[in-house]
Amino acid sequence: MSPSIRVTFQPENKTVSADPGDTLLDVAGLAGIYINSLCGGQGVCGKCRLKVVQGSVDFSSKGVGFLDRKEVDAGYVLACQAKLVDQDLEVWIPPESRQEEEQILMVDHIVQYTAPEVLEEHGLSPSPFIPYFNPLCSKIFLQLPEPSLKDNLSDLERIYRELNRKYPDVKWEADFSCLKNLARLLRENKWQVTALAHMLDPHCYHLRALEPGDTSRRSYGVAIDVGTTTIVTQLVDLRTGQIRAVEASHNQQARYGEDVISRMVFACGRGGIDPLKNAVVTTINSLVHSLVTAAGISHADIIAFVAAGNTTMTHLLLGLEPCTIRLEPYIPTAARFPWVRAADVGLVGHPEAMLHCMPCVSSYVGGDITAGVLACGMNDKPELSALIDIGTNGEIVIGNNEWLVCCSASAGPAFEGGGTKCGMRATKGAIQKVRIHGHEVSYETVGGGRAKGICGSGLIDLMAELVAEGIIDQSGKFIRFDHPHVQVVDGVPEFVVAFPHESETAEAVAITQDDIGNLMKSKAAVLAAMKILLENLGMRFVDLERIYVAGGFGAHLDIQKSIRIGLLPDVPLDRVQFIGNSSVAGARQCLLSTHAFRKAGAIARQMTYFELSVHPGFMNEFIAALFLPHTDMELFPSVKTMLAERRKAVAAGL
């Protein structure tokens, strides 16, 4: 039976057909329109508000609590709780419910390569690691001598002999599929063929396919950062190591939940794994299509993929059940993953292209963090360093060339737009920088347009400015109600950054007392985790000689303001280094160097995972960090000095 209900979405003016019982959230996905849904359609976040302009729906009472009487009377519903009935519909999507393109970080450090030298695959090298250039997969052109009565080797042995001349120190093995039509292939092409080789094992290279003629110049790989929110891909020339094209997009899995927990609930419950796997594969294939178009090559020229993602994202990409990851004792199906034919996963490339996934450490410290450690090189330096990647989970690695420890702190969704009244991701219209000077308030938005909400970096800026101006105290409570931007709504104080006439939504963009409380919990979790790790090693914040901040969120942080609220420890500013998208950088290193990939495996095995949920001191440290910046001000001397100077200025009437 064909779908019978027509649903039109405005202002896109897109119409699709659907069945009775489908939710508006699912129907919007069919139309290629993505609605904010932090909870993945569970009806508990209230972010997917739509207005039914014409027709009616079956609206679950579960979603009514997120709407006031005025909104209900106007026809507003939650898309995930509104099911189609037997009539056509027209709905309007308000700006705050749209899932627009995010500021996606595609920049990372340039990787330099050297020729093969002494390899230290087991253990961490005392000197900085420079990977040698030896891609995971390569194409090798072979001009074979014709057989004769004196030179009567079999066709396959003839290929092995020529390969051994080029690579004398390794053994070769061929897939059985290489033998099919081999005799005809060699003779019809005058004994000129190109071998597709998989070179991960340093002692035995794997012959995957044979192609007619010389196709060695068409040899490309794709490095992938499989993020929960966004996916970044780089097309790399495997002959030169050069990046030929970069593409990024929102992860289409977001329709099933904004965070990994929501997606695990979906995969292990009503939805199953397939929709999530298909969504991420579809996203990657779409990006790969854009890459090959931009570079003027074909899909068949891609012979290798390397993907870096957190443990859940890696499981979903490979179609593995993630259900035990979120259940105590938090055990994944695998932490190190065998290579697989990319086509078997659904990725479009050469029929024999390989997919390698970066090794993970635990359920909540994944391959993206392993890639980050590899990319920044902290494991090869004697100085004590920390790598921080802040998102819904804050992953932290501390160590040097002798040891590495790591943990994951549940920071919650506040820094990614959840749990705050006007929070949003870093999409168009998000306030990302704030400055308060007296009664003057200025701000910058992503894209430069009218304000729609506040993203994570803007919230940090705002909290730091509110403390510095004495509008809130160090416990996060409002103490100045005479400021023209401070108002009380339904008994809850809030600071208005953009008034209704300035915003795109015609509603005030503000931070409330409750928002500040949620943000303080998020930053406290990250700081407490770092402090616990260091103290268990007999160290302090001041001992950190380098702090690497990874990811898109970190790239837009103001270091000084992050220290002022206690998100980052109080260290000299020149010790903090933003390293960009270290996930895709590490994936690219592994794509271009078999040594780097084996090094990543060594890093993952040697990282000691610290489970904070069972640590007796974590809750005490967390509570101590629920202050701006911390209850122990001796940990933040620069902030202590700044606040003292501010109090003097206020006393002097300046």
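## Exercises: one disulfide, one sheet

A disulfide joins Cys268 to Cys323, with S to S at 2.1 Å. The model is predicted: local features need pLDDT of at least 70, side-chain atom pairs count only at pLDDT 80 or more, and totals for chains, interfaces and linings use all residues. Residues are numbered from 1 along each chain as its sequence is written, and side-chain values use heavy atoms, with hydrogens and water left out.

**Exercise 1.** Work out which parts the link of Cys268 and Cys323 ties together.

*Solution.*
1. Apply the criterion: a disulfide is a pair of cysteine sulfur atoms within 2.5 Å. The count comes to 1 disulfide.
2. Read the torsion. It is -105° about the S-S bond, so the link of Cys268 and Cys323 is left-handed.
3. Place the ends (helices are DSSP runs of H or I, at least four residues; strands are runs of E, at least two; both are numbered from the N terminus). Cys268 lies in the loop between α5 (260-267) and α6 (273-295), and Cys323 in the loop between α7 (311-318) and β16 (340-341). The pair therefore ties together parts that are 55 residues apart in sequence.

**Exercise 2.** Explain why Cys204 has no bond to Cys178.

*Solution.*
1. Cys178 holds the closest cysteine sulfur to that of Cys204.
2. The distance is 13 Å, too far for a bond.

**Exercise 3.** Find the edge strands of the open sheet of 5 strands.

*Solution.*
1. Strands pair if DSSP finds at least two bridges between them.
2. The order is β2-β1-β7-β3-β5, with mixed pairing.
3. β2 (14-18) and β5 (76-78) each have a single partner strand, so one side of each lacks a neighbour in the sheet.
4. Check one pair: 3 bridges join β3 (residues 49-54) to β7 (residues 89-92), running antiparallel. Val52 has Val91 as its bridge partner in β7.
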